[in-house]
Amino acid sequence: MATQQTQLLARTLLTPAVALLFIWMIVPLALTIYFATLHYNLLDPGSESFVGLENFRYFLTDPAFLASLQNTLVLVGSVLAITIILGVPLALLLDQQVVGLSIVRLMVIAPFFVMPTVSALVWKNLLMHPVSGLFAWIAHLFGLPAIDWFNDAPLFSVILIISWQWLPFATLILLTALQSLDEEQKEAAEMDGASAISTFIYITLPHLARPITVVILIETIFLLTVFAEIFVTTGGGPGLQTTNIAFLIYSQALIQYDVGSASAGGLVAVVLANIVAFFLVRIVGRNLEA
Amino acid sequence: MARMVTTRNKVISTAAAWLVGFLIFFPILWMVLASFKTELEAFAIPPSFLFFHWTTENYVTVQERSDYFHHALNSIVIAGGSTLIAMLIAIPAAWSMAFSPTKRTKDVLLWMLSTKMMPPVGVLVPIYLIFRSVGLLDTRAGLIFILCLGNLPIVIWMLFTYFKEIPKDILEAARMDGATIGRELIYVLTPMAVPGLASTLLLNLILAWNEAFWTLNLSTLEAAPLTVFIASYSSPEGLFWAKLSAASTLAIAPILVLGWFSQRQLVRGLTFGAVK
């Protein structure tokens, strides 16, 4: 009797959250699917008509789509590579005996807490400005020509800024994982005469495999829809050079007011994210049972 | 001998760690320094690192010219409101899943997680149109609503992982002693849950404060929080670096302090317990 009561209570307590999330997931998604089958432009009200898969054909064959898909993949791939390739040695370094470690850790983690619009504008102006930026001055010190970052290498500039934001995240997670590594195992390996390199390859690296996977999946989910950094620095340009899928959909919806095509694009983004989500949910789920 | 090697290693790793830490932190430091320079000094070449005419005039100007506090208040109301409401909805849900799990609890949790994976841009169009037709564009209520739903899965997950660590024996003991569910909640559970509640609150305040997709797309002026306010400095014509830096410093300072307190919870919250 008591258990039944408890179960009823438990269900009642759970319902609001489940209902809200269900509505939040279903209603907009259903509307996106519906809009994606319409010819629907806000500048041309009253002309809505059913066009079937026309918007998908238009969106997927639009040269801008291929360009932005490529930019999205390059951006995600590069940031992942940079944050992990730098994050592993950085986490190993912070796992050593360091005097004043807590202060160092604060400095390393800080960029993650800076809002995206601030980091993007500070990098763009104070550091990367081709005439008055700090980088231009440093290049000048070495007798090198200043780089006009956002004209010569716009996508790389955006990648650099985003990597700076996400390196702390990767480092912090890898560091947390390293700290849970069994010291005895490492000591035993050392006793057996294993070199530092083979200890790293055979003990540390396998231990980091799972946290690295988690970093990759979580970063991918956020990086697939990078928006603010592009919005305030390049506005997707020059041309389409820094337009990713998220920015393309934004410009189709809120600049060209083409609701149908933007919705089709939105669904493409949902499918892309779901491919990643599938793997992440499985990893988290496996951990939930352990 | 071994001792000497250890000391040397310690010196090397300390030096290396401080150097790397300083380099990573440098853009923030550089911004803070620029906020105390005059506009001319802020983009002078060669740059002055410490020996410039320190001034706080940028901070005054930012408030006078663009009503900084209006946007700061929006940030506080939107981040605080969305987090508090999310907590109110999430606490009962997480409590129920942690203490009365059923066969489907795991599926429910994973399903909730999967709603967080939906890219916001996938639902931008319908949300924008709904907001436009019901007059929620550029309102604090609209942003609170969206950010609350957006962060709800993370809040539930974090609370769930904390609640799960509370030993169940204690609850059973309380029940044996005849405690009702209400008393159990107030006298036994709440004190043990406070640390978890606090870190969940903190992390989600940070996430909501820095959220820059919905805020940029759904607000322009009236309800614009600091993310949007800072974005207004992106116009290529206005080279107001010192003022941009002052506004930015004010915008990130409170969150940097909160963030430093919550760095451990960050790992837990953002990896959904997959890395502890």
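# Exercises on a predicted two-chain model

Of the 170 residues in the largest nonpolar core, those touching the most other members are Ala90(B), Ala94(B) and Ile156(B). The model is predicted, and the exercises below start from this core.

## Exercise 1. The nonpolar core

Task: Determine which helix of chain B gives the most to this core, and which domains of chain B it draws on.

Solution.
1. Helix H7 of chain B, residues 140-164, gives the most to the core, with 17 residues.
2. Domain 1 (2-57) and domain 2 (65-270) of chain B each supply at least three residues to this core.
3. Around Ala94(B), leaving aside residues up to four places away in sequence, the residues touched are Ile156(B), Leu159(B), Phe160(B) and Phe163(B).

## Exercise 2. The fold of chain B

Task: Describe the secondary structure, the overall dimensions and the contact pattern of chain B.

Solution.
1. Chain B contains 13 helices and zero strands.
2. A compact globule of 276 residues would have a radius of gyration near 19 Å, whereas the value for chain B is 24 Å.
3. The C-alpha trace of chain B spans about 75 × 75 × 35 Å along its principal axes.
4. Of the 276 residues in chain B, 47% are buried.
5. Taking the contacts in chain B between residues at least 6 apart in sequence, 78% join residues at least 24 apart.

## Exercise 3. Helix H8 of chain B

Task: Establish whether helix H8 of chain B lies largely in the open or is buried, and state what follows H8(B) in the chain.

Solution.
1. A residue counts as buried if 20 or more other C-beta atoms lie within 10 Å of its own.
2. Helix H8 of chain B covers residues 168-176, and of its nine residues the number buried is zero, so the helix lies largely in the open.
3. Just after H8(B), Gly178(B) adopts a positive phi of about 85 degrees.

## Exercise 4. The two domains of chain B

Task: Characterise the contact between domain 1 and domain 2 of chain B, with attention to the side of domain 1.

Solution.
1. The domain assignment divides chain B into domain 1 (2-57) and domain 2 (65-270).
2. Their C-alpha centres lie 32 Å apart.
3. Nine residues from domain 1 of chain B and eight residues from domain 2 of chain B take part in the contact.
4. On the side of domain 1, the elements giving two or more residues are helix H1 (2-35) and helix H2 (39-42) of chain B.
5. H1(B) provides the largest share of that side, four residues.
6. By class, the side of domain 1 has five nonpolar, two polar and two charged residues.

## Exercise 5. The interface between the chains

Task: How many residues of each chain are in contact, and which helix of chain A gives the largest share of its side?

Solution.
1. The contact joins 83 residues of chain A to 83 residues of chain B.
2. Helix H1 of chain A, residues 2-36, gives the largest share of the chain A side, with 18 residues.
3. The residues on the chain A side divide into 69 nonpolar, 14 polar and no charged.

## Exercise 6. Annotated spans of chain A

Task: Relate the UniProt annotations of chain A to the model.

Solution.
1. An unreviewed UniProt entry places "domain: ABC transmembrane type-1" at residues 69-280 of chain A.
2. In the model, residues 69-280 of chain A are 75% helix and 0% strand, with end C-alpha atoms 22 Å apart.
3. The UniProt annotation "transmembrane region", also from an unreviewed entry, covers spans of chain A including 106-123 and 212-232.
4. Residues 106-123 of chain A are 67% helix and 0% strand, with end C-alpha atoms 20 Å apart.
5. For residues 212-232 of chain A, the helix content is 81%, the strand content is 0%, and the end C-alpha atoms are 30 Å apart.

Notes
Residues are numbered from 1 along each chain as its sequence is written. Chains are lettered from A and ligands numbered from 1 in the order in which they are written. This is a predicted model: local features need pLDDT of at least 70, side-chain atom pairs count only at pLDDT 80 or more; totals for chains, interfaces and linings use all residues. The radius of gyration is taken over C-alpha atoms; the globule rule is 2.2 Å times the number of residues to the power 0.38. A residue is buried if 20 or more other C-beta atoms lie within 10 Å of its own, exposed if 12 or fewer, and partly exposed in between; C-beta atoms are placed from the backbone. Two residues are in contact if their C-beta atoms, placed from the backbone, lie within 7 Å. UniProt positions are given in the numbering used here, feature names are shortened, and annotations may be inferred rather than shown by experiment. A nonpolar core is a set of buried Ala, Val, Leu, Ile, Met, Phe, Trp, Tyr and Cys residues joined through C-beta atoms within 7 Å. Domain bounds come from an automatic or database domain assignment. Ala, Val, Leu, Ile, Met, Phe, Trp, Tyr, Cys and Pro count as nonpolar, Asp, Glu, Lys and Arg as charged, and the others, Gly among them, as polar.
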